[in-house]
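Trainee: Could you walk me through this structure and tell me what stands behind the words used for it?
Mentor: Gladly; have a look at it before we start.
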Amino acid sequence: MSGLWRFQLDPQEEDEGAGWTRALPASRMIPVPCSWNDLFDDARDHLGLAWYQTEVWTPSAWRSQRVFLRVGSANYAAKVWVNGTVVAEHQGGHLPFVAGISAQLVWDRPNIIAITVENKQLLGRVPPGPGEGGGGVAGVLGGYPATTYDFFPYAGLHRQVWLYAVPAEAHIDDVTVTTTVEGSDGVVRVRVDAVGDYAGRGRVRLNDTEADLAFQAGAAEATLRVPSARLWGPRDPHLYPLTVMLVDGQGRATDSYSLEIGIRTVEARGGRLLLNGEPATLRGVGKHEDFPLHGRGLDLPMWVRDYELMRWMGANSYRTTHYPYAEEAMDLADRLGFLVINEIPAVGLNFGDGPDANAQRLEQAMRQIRELIARDKNHPSTIIWNIANEPFAGEIGVNQPEAVEAGTRFFRQLNAEAHRLDPTRPTMLVGVMGGPPEWLDIGDVVGINRYYGWYTHPGQLDAAVRVLEAELDDLHRRFGKPIVMTEFGTDTLPGHHANPPEMWSEEYQTEFIRRYLDVAAARPFMVGMHVWNFADFKTGQGTMRAAGMNFKGVFTRDRRPKAAAHFLRSRWVER
Ligand code: BDP
């Protein structure tokens with residue numbers, strides 16, 4: 001249902017009462033998917049309610065099926081009406097939700113679909129709003145619109161909206177694929193969930209092998225072996241086609257679903273990250289879904305180009321900073337062999353905000369990890385679930401003991417939930433400079449963001465490197481776990497030069513990155529280095545962010561390389 005929809009801001013929250021579920025009194029057109037902020041002057045900083053509306057014709061031939069509406073990402077809170085009746089509500093951007101709408105549809109006539117989207121920065125949400133104290137990063141950034149995080153709070157229907165139909169009686173509801181390796185065989189376990197308590201039969205086909213599925217209470221499992229399997233990895237991202245089917249008494253398929261799978265294993269063991277049993281080293285970046293005009297709206301040309309540029313640099317990995325990315329981006333990662341650290345939007349959490357806020361956020365974060373794993377569990381490219389970025393325990397540099405404890409309880413639960421839902425992938429938590437070290441031990445892999453030589457030790461890379469080395473060796477002694485430096489970098493004005501290197505120059509960015517990579521190269525427990533950031537990106541306005549931008553990209557916002565991108569290419573491309 002991508003295309004132009006009707007759109008109206010609703011600052012007074014006139015809401016359903018005014019009949020807006022059926023007709024918008026003063027609408028203009030907006031593209032879906034897209035953020036609203038860069039399109040209309042009066043919408044740039046609007047974080048309140050806004051209405052989307054369109055019409056869709058459903059043929060009566062669909063009558064015997066079950067029809068669903070699927071919203072790819074509505075940032076942040078959404079409510080959906082079909083012909084004036086509420087069919088779904090959802091909290092949290094970046095993850096899809098689905099509503100069964102058969103009962104609300106009219107046939108061979110237009111149906112009115114209305115969706116409200118609202119992106120208020122509220123204390124109890126994930127990511128949270130700044131609240132009154134405005135602690136954490138918000139206290140430092142002090143920008144407008146006020147956020148607890150360092151990127152622009154883009155809002156809107158950010159991904160595709162789908163209308164689809166499935167067979168009314170039995171249909172496939174979910175497929176879960178897990179893979180292991182025995183000798184040179186790939187062992188593929190497939191679990192299929194069908195709606196209701198389907199007790200019929202099914203089939204699963206992988207390459208040219210087939211297995212039967214015997215459903216009981218809506219679930220069935222099969223295990224298939226692939227002799228001499230081509231294992232998925234950055235050098236050979238081989239994908240195997242897999243199809244699951246439900247079949248009737250005559251063996252005819254009544255429903256089917258196809259996907260591409262990668263056979264691989266991943267584990268954090270002995271201070272290393274192992275991919276197919278071999279130590280893996282992550283070379284890459286943190287990113288954003290961010291581009292002029294589209295904002296955070298799905299931008300497939302951007303994605304294709306970004307992968308092209310990451311490969312040009314020799315990167316094999318990135319983190320979905322600071323929220324789940326588009327499903328198309330995950331498909332591309334599978335195909336291109338990228339190793340993805342997949343992150344829920346738990347950024348800007350401050351455990352000094354009190355028990356009520358913590359309790360509300362836990363509920364949100366638990367839902368987000370469930371929704372993310374449900375969406376991305378079958379992507380071989382996802383190798384680690386990341387449960388948070390830079391949580392705080394009070395003000396920056398002051399770790400209040402009660403806040404540390406509250407955070408420990410919170411993250412233990414979140415981490416256990418990730419493992420319960422997916423025992424096949426390691427977890428991670430990314431810590432802020434000066435944050436509570438004990439939180440780093442909760443996941444299987446340690447993630448740290450470090451800016452010695454930028455936020456501390458400005459202009460003094462020698463001193464910065466000494467602090468960095470001491471800290472890394474200490475973390476290694478303390479936890480013995482593999483460590484990924486998930487962020488390190490400097491703001492850099494493209495075209496600004498200085499010799500000897502000075503802050504904000506292209507030379508300083510290059511030198512900073514070189515020094516950090518050298519420190520990591522001497523330490524085998526440093527299993528990954530992600531430069532912050534792939535490209536310059538939009539932030540709120542404030543004294544910390546010139547031109548409302550974070551300039552830590554190694555590419556500019558329009559994807560032109562800075563000197564550091566050329567340096568990374570010289571360092572990373574395997575020749
Ligand atoms: C870290 C955050 C990231 C920021 C970055 C920076 O994780 O989102 O953009 O530092 O300050 O605090 O550039």
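Mentor: We will take the sheet, the ligand and then some single residues.

Mentor: This is a predicted model, so local features need pLDDT of at least 70 and side-chain atom pairs count only at pLDDT 80 or more, while totals for chains, interfaces and linings use all residues. Residues are numbered from 1 along each chain as its sequence is written, and side-chain values use heavy atoms, with hydrogens and water left out.

Trainee: What makes β1 and β3 a pair?
Mentor: Two strands pair if DSSP finds at least two bridges between them. Strands here are DSSP runs (E, at least two residues), and helices are runs of H or I of at least four residues, each numbered from the N terminus. Four bridges join β1 (residues 3-9) and β3 (residues 49-57), so by that rule they pair, in the antiparallel sense. Across these strands, F7 faces Y52 and L9 faces A50.

Trainee: How do you know that β1 also pairs with β2?
Mentor: Five bridges link the two, again antiparallel, and at least two are required. Here F7 stands opposite R28 in β2.

Trainee: Why are β2 and β7 called edge strands?
Mentor: The open sheet has six strands in the order β2-β1-β3-β9-β6-β7, paired antiparallel. Both β2 (28-32) and β7 (85-90) pair on one side only. The twist from one strand to the next averages 30°, where axes are lines fitted to C-alpha atoms (for helices over the stretch in contact) and angles run from 0 to 180 degrees between N-to-C directions.

Trainee: How do you know that N389 makes a polar contact with the ligand?
Mentor: A polar contact is a pair of N or O atoms within 3.5 Å; within protein, one must be able to donate a hydrogen and the other to accept it, and residues adjacent in sequence count only if both atoms are side-chain atoms. A polar side-chain atom of N389 is 2.9 Å from a ligand oxygen, so the pair falls within the limit. The side chain of Y451 has such a distance of 3.3 Å, and that of N550 has one of 2.8 Å.

Trainee: Why is H419 called partly exposed?
Mentor: Buried means under 20% relative accessible area, exposed over 50%, and partly exposed in between (1.4 Å probe, protein chains only). H419 has 26%, so it is partly exposed. H419 belongs to helix α5 (residues 401-421).

Trainee: What makes N83 buried and A547 exposed?
Mentor: The relative accessibility of N83 is 14%, so N83 counts as buried. A547 reaches 72%, so A547 counts as exposed. N83 sits in the loop between β6 and β7, and A547 in the loop between β30 and β31 (549-550).

Trainee: What makes the phi of N83 worth a look?
Mentor: Most residues other than glycine have a negative phi, and most peptide bonds are trans. N83 is not a glycine, yet its phi is positive, at about 50°. A547 also has a positive phi, near 60°, and is a residue other than glycine.

Trainee: Which peptide bond is cis at Y76, and which at N533?
Mentor: The bond joining N75 and Y76 is cis, with omega about 20°; Y76 lies in the loop between β5 (74-75) and β6 (77-82). The bond from W532 to N533 is cis too, with omega near 10°, and N533 lies in the loop between β29 (526-531) and β30 (537-538).
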